Structures are given as C-alpha cells and as structure tokens.
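Okay, thanks for coming, everyone. Have a look at the screen while I get set up, and then I'll walk you through what's there.

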Amino acid sequence: MSFQDIIFYTFSAILIASALGVITVRNPVNSALLLVLSFVTCAGLWLLLEAEFLAIALVLVYVGAVMVLFLFVVMMLDINLDRLREGFWKWFPFGALIALVMVVEISMVLMGKYFGLEEMPIPRPHEADYSNTRELGRLIYTEYVYAFELAAVLLLVAMVAAIALTLRHREDKKSTDPAKQVQVKKEDRLRMVSMQAEKKE
Amino acid sequence: MEYFQQQFITLFGAEWGAMLYAFASNMTFIFAIVIPLLLGVAYLTFAERKIIAYMQIRVGPNRVTFFGIPWLRGWGQPIADAVKAIMKEIVIPTGANKFLFVLAPVLAIMPALAAWAVIPFSPELVLADINAGLLYILAMTSMGIYGIIIAGWASNSKYAFLGAMRSAAQVVSYELAMGFALVCVLMMSQSLNLGDIVNGQQGGSFLNWYLIPLFPMFLVYLISGVAETNRAPFDVAEGESEIVAGFHVDYSGMAFTVFFLAEYSNMILVATLTSIMFLGGWLPPIDMAPFTMIPGFVWLLLKIAFILFLFLWFRATFPRYRYDQIMRLGWKVFIPITLIWIVLLGAIMQLPESIRNTFPLSIWF
C-alpha cells in the first residue's frame with residue numbers, strides 16, 4: 001500500500017462517517033458542522049485526482065460561504081426534533097422507494113459501459129507546471145460558453161426571484177439614509193446658546 | 001540536503017524514504033515559518049500598545065525587562081503576558097457544548113497558520129509553490145469564520161452569540177469585495193501563483209507595482225482586510241461597549257489567547273498579502289544600487305511592517321462603525337467599485353497592441 005492509498009482510504013473513511021453523521025446526529029448544528037467536514041474531506045479526495053481548482057472552489061464556495069449562512073440560520077432556529085421525527089414511519093416507504101430509484105440510477109451509470117476500467121483508464125499524471133485552472137477556464141469560455149452563460153443567468157434569475165419574493169414593502173417602516181447621515185454638520189444638530197451664569201440662591 | 005535525502009532512502013527504501021524525507025523537510029520549513037510568526041504576533045501586540053500609547057501621548061508598557069537591562073524596559077511585556085495566559089485556568093461554562101467550545105479556537109487558528117504555506121518570502125523561499133496559490137489563500141481565509149461562529153454558539157451566551165452573528169454577516173460580505181479585488185490582480189498578472197504575481201510587477205521602479213494601476217482595488221482590499229480580521233473600526237464582533245467582548249466573552253486563559261493569536265496572525269497575513277499583491281512583494285522600490293543591495297526578504301518585511309502600522313493607526317484614529325454602515329460600505333460601495341474596475345481593466349486589456357504600447361499604459365500592460 002503506497003502513501004497515496006493510505007491518504008485515500010483515510011479520507012474516504014472520514015467522508016463516509018461524517019456523511020452518515022449528517023443524517024443521524026440529533027443536534028442540527030453538529031449535523032451542519034459534519035457536512036462541512038465531509039465537504040473538506042471531499043476536497044481532499046479531489047486533490048488526489050489532480051482537480052485542484054474544483055477542490056479549492058468546493059472549499060471556497062460551499063465551506064466558506066454556503067455553509068456559513070446555513071449555520072447562521074440553523075443556529076438561530078429553535079428546531080423541535082420531536083416534531084421533525086413525527087410521522088417518520090409513515091413516510092418511510094416513500095423515502096425508501098426514492099432512495100432505491102437513486103441507487104438503481106447511479107448503478108446503471110457506474111456499471112454500464114461508460115465507466116469500465118477500459119473506458120476510463122487511470123488519468124495520466126501531468127507535468128508540474130500544468131495548470132488545471134487555465135484548462136478549465138479555456139473550456140468554459142470557449143467551447144461551453146453558451147451553457148456557462150446560461151447557467152449564470154439562471155442563477156441570477158433565481159437570486160432576483162428569491163429577493164423579490166421575500167422583500168415586503170411596508171409603509172410604516174422607518175429607514176435611515178447613511179449618505180445623508182454622514183453629510184450632517186455640527187450646525188445642523190447642535191445649537192450653541194450663550195447665556196449668563198445663574199446666581200447661586 | 002542531498003546527504004539527508006540519501007540517508008532517508010537507505011534507511012526506509014526508495015518510495016517511503018523519499019516520502020519521509022519530504023515530510024521531514026516540510027516540517028522543518030513549517031516550524032521555520034510558524035515560530036517567527038508567533039514571535040511576530042507577540043511583538044505586534046507590544047508594538048500596538050506602544051504605538052497607540054504614543055499617539056495618545058502616553059508611554060505604554062515600560063516595566064518588564066530582560067535580566068534587568070534598563071534600556072529594554074517594556075520589551076519583556078509580551079513574554080510576560082504569554083506566561084500569564086498559560087498559567088490561567090480555562091473555565092468552561094456549564095451550559096456550553098464542551099466539544100465545540102474547545103474546538104472553536106483550534107478552528108480559528110488553523111486557517112490563519114495554514115494560509116502561510118503558499119506565501120513566497122523571496123524568489124526561492126516558499127514552502128508550497130502551487131499554481132492555485134491565490135485560490136488556496138481565499139479558501140483558507142474564508143474558513144477562519146468557523147472559529148468565531150462556533151465559539152459564539154458553543155458558549156451558550158447571548159453576548160457571544162450576537163458577536164458571532166455580527167461577525168459572520170460582516171466577514172461573508174467583505175469576502176466578496178476582497179475576492180473581486182484579487183480578481184483584478186489576477187487579470188493583471190495572468191497567474192494564480194503568488195510568485196508569478198510578484199514577478200509580474202518587476203520593472204524599473206515602484207511605478208510597475210500593481211498599486212498604481214489598481215489603486216482603488218488596493219484601498220478596497222486593505223479596508224476589507226481590516227473588516228475581515230474584525231479590527232477597529234470594524235470590530236463590532238467584539239464591540240466592548242455594546243456586547244462586552246463578543247464571541248470570546250466566555251473564553252479565558254490559553255483558549256482566549258489562541259483567538260488573540262489567530263486575530264493577529266490574520267492581520268500579519270493580510271498585510272503580507274497586500275504587500276505581495278500590490279506593493280511588489282520582495283522587489284525593491286527602485287531597481288538601483290543602494291536599494292538592490294538590501295535582500296528582498298527585508299523589503300518584504302518593511303512593507304508588511306508599514307501595512308501593520310496602518311492597521312494600528314486606524315485603530316487609534318477612527319471611532320467604531322455602526323453596523324448598518326458597515327454593511328452599506330461592503331455591499332453598496334465596495335462591490336460596485338470592484339465590478340466597475342474589473343470591466344474597465346478587461347476593456348483596457350482588449351485594446352489594440354498599438355494603444356497599449358503608448359506611454360502610460362506600456363508600463364503595466
């Protein structure tokens with residue numbers, strides 16, 4: 001067993017354990033943190049595949065931004081676990097069916113003719129100065145530029161829609177305009193009065 | 001070096017020997033970075049107290065000295081503080097989540113130290129010379145927030161939780177502006193490797209540094225860096241007068257000191273990155289005889305020290321921002337500026353060769 005194998009099996013073990021933890025741990029904050037751990041170990045596995053850009057992007061986007069906001073929300077919600085577990089057995093057959101369909105779909109792809117060892121040989125190692133990022137950028141902005149732009153526009157539309165749906169215009173709301181606030185001068189707020197000192201009784 | 005490598009290979013065999021040799025040499029290098037860094041943090045706290053004291057016409061720490069030497073008065077202060085912190089008891093509140101409470105300082109300091117792996121100190125002196133260095137830095141600095149959020153939540157205290165919430169929102173918003181400012185640097189240098197970014201600023205003098213073509217980005221990066229490290233005037237996460245001490249209000253002794261170390265090593269990291277991206281890293285200001293005789297490492301240290309001085313100067317000068325103003329500055333001022341600058345820079349880079357080779361543009365493009 002070489003050094004790479006040891007790293008691979010260690011990371012895989014941590015990944016599977018933490019992914020199981022995400023759905024079994026009772027505390028939602030712990031569960032979110034275990035999801036972070038599984039993202040990080042997944043990034044480690046991608047690094048072993050020389051996909052350094054994707055690995056770092058995973059950490060940057062999912063660990064650095066998405067999960068922070070997720071934790072933010074989970075920490076502020078008071079989640080009642082008993083109510084969440086209500087009706088577990090009622091919905092279990094439905095969930096199990098969906099899980100089964102997913103397993104069948106994944107195995108159809110993995111066991112089919114596309115992912116055999118003959119079709120997908122071990123990728124050949126690249127030179128030290130080979131830049132994954134450059135290659136990815138070239139592909140995204142030349143060959144797949146329309147698909148890429150389309151995906152970007154889709155995300156933008158989703159974002160605008162989310163904001164538009166949750167933004168409520170209230171008439172009685174009091175808001176401040178910081179631009180006006182910083183322009184306030186001393187004369188606008190403060191009136192100096194010069195008056196005689198009062199005599200002591 | 002060759003000799004040691006041979007020794008490892010004869011002892012452990014070809015594959016494992018090379019692996020263990022790489023491990024041993026990297027560990028040596030890591031200690032050579034981390035130990036001076038922690039000493040730097042210790043003396044940065046001393047510098048902060050002294051500089052702010054002089055700005056406020058006080059004297060600052062002037063008692064603790066080494067071996068009774070009178071002209072070193074005050075210089076023993078950081079060492080004394082460290083010893084004091086180690087001796088103190090770490091109190092874990094009864095209502096706290098013990099595991100996460102202890103984990104939080106570790107998560108705070110880990111990215112602050114790990115990001116140093118890709119920093120080039122001179123053309124040859126870099127631990128990991130990777131192609132995606134800049135991305136790695138962004139990923140590592142974005143993980144620093146976990147320490148703060150977990151500390152705030154695990155303490156099971158209202159003040160700590162408020163501090164963590166404030167800090168999470170602030171750091172996530174300023175990270176965007178910071179990332180966009182770095183995109184401009186990336187466009188200029190056309191490389192993600194930090195060594196190549198410094199080399200891209202080479203040329204006759206300081207006019208070639210990215211500071212000049214990207215001056216607004218320099219300001220955005222520096223100010224976002226102050227916000228990102230939760231320093232004054234953006235220190236609402238701590239906000240002594242509002243929420244006691246924010247996220248670390250329940251921490252004591254060494255656990256508190258680790259947060260302190262993380263904050264200051266993050267400060268040094270931001271200062272180093274600013275020097276590398278905008279101030280030419282190890283390059284001397286003018287490529288001439290008296291300046292080139294000083295080694296590049298010293299130039300880098302001088303630039304870092306200058307940026308750190310700015311950090312301390314800000315703290316002594318500005319009152320704390322109000323929270324909504326911080327958010328406004330990040331989202332409504334910095335992000336539009338950076339987006340406009342990216343478009344402008346892209347447009348300039350696509351100009352015909354003949355225009356780009358005329359005088360002011362020919363220096364940078």
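Let's start with a small puzzle: in which helix of chain B do B:Phe309 and B:Trp313 lie, and how many residues apart are they? They sit in helix α13, which covers residues 296-317 of chain B, and they are 4 residues apart, about one turn of the helix. Before I go on, keep in mind that this is a predicted model.

So, how do those two rings face each other? In general, you describe a pair of aromatic rings by the distance of the centres and the angle of the planes. A search of the whole structure turns up 22 aromatic pairs over all chains. For B:Phe309 and B:Trp313, the ring centres are 5.7 Å apart and the planes are at 45°, so we call this pair tilted. Planes under 30 degrees apart would count as stacked, and over 60 as edge-to-face.

Buried or exposed? For this pair, the answer is in between. B:Phe309 has a relative accessible area of 31%, so it is partly exposed, because that class runs between the 20% and 50% cut-offs. B:Trp313, at 43%, is partly exposed as well.

Staying with aromatics for a second, there's also a cluster to look for in chain B. B:Tyr174, B:Phe234, B:Tyr321 and B:Phe334 form one aromatic cluster.

Now back to helix α13 of chain B, where you'll also find B:Ala316. This alanine is partly exposed, with 28% relative accessibility. Which residues does B:Ala316 touch, if we don't count those up to four places away in sequence? They are B:Ile52 and B:Met55. And here's another one to find on the screen: B:Ala232 is 84 residues away from B:Ala316 along the chain, yet their C-alpha atoms are separated by 8.4 Å.

Okay, let's zoom out to the whole of chain B. Its secondary structure comes to 16 helices and 0 strands. The radius of gyration is 22 Å, and the globule rule gives 21 Å for 365 residues, so chain B is as compact as a globular protein of that length. Along its principal axes, the C-alpha trace of chain B spans about 70 × 60 × 45 Å. Buried residues make up 49% of chain B. If you take contacts in chain B between residues at least 6 apart in sequence, 73% of them join residues at least 24 apart.

Next up, chain A. What does its secondary structure come to? We get 9 helices and 0 strands, so to speak helix after helix: α-α-α-α-α-α-α-α-α as you read along the sequence. For the overall shape, a compact globule of 201 residues would have a radius of gyration near 17 Å, but chain A has 28 Å. The C-alpha trace of chain A spans about 105 × 55 × 40 Å along its principal axes. Of its 201 residues, 17% count as buried. For contacts in chain A between residues at least 6 apart in sequence, 57% join residues at least 24 apart.

Last bit: surfaces and charges. Chain A exposes about 17000 Å², with carbon and sulfur atoms supplying 67% of that. For chain B, the accessible surface comes to about 17200 Å², and 71% belongs to carbon and sulfur atoms. Chain A has 19 positive and 21 negative charges, and their mean positions are 15 Å apart. Chain B has 18 positive and 19 negative side chains, with the centres of the two sets 14 Å apart.

Terms used: Residues numbered from 1 in each chain as written. Chains lettered and ligands numbered in written order. Predicted model: local features only at pLDDT ≥ 70, side-chain atom pairs only at ≥ 80, totals over all residues. Heavy atoms only, no water. Helix = DSSP H or I, 4+ residues; strand = E, 2+ residues; numbered from the N terminus. Rg over C-alpha atoms; globule rule 2.2 N^0.38 Å. Buried < 20%, exposed > 50% of the residue type's maximum accessible area, 1.4 Å probe, protein only. Contact = heavy atoms within 4.5 Å. Areas by Shrake-Rupley, 256 points an atom, 1.4 Å probe, with all protein chains shown as cover. Lys, Arg positive; Asp, Glu negative; His and termini not counted. Charge placed at Lys NZ, Arg CZ, Asp CG, Glu CD. Phe/Tyr/Trp six-rings, centres within 6.5 Å; stacked < 30°, edge-to-face > 60°.
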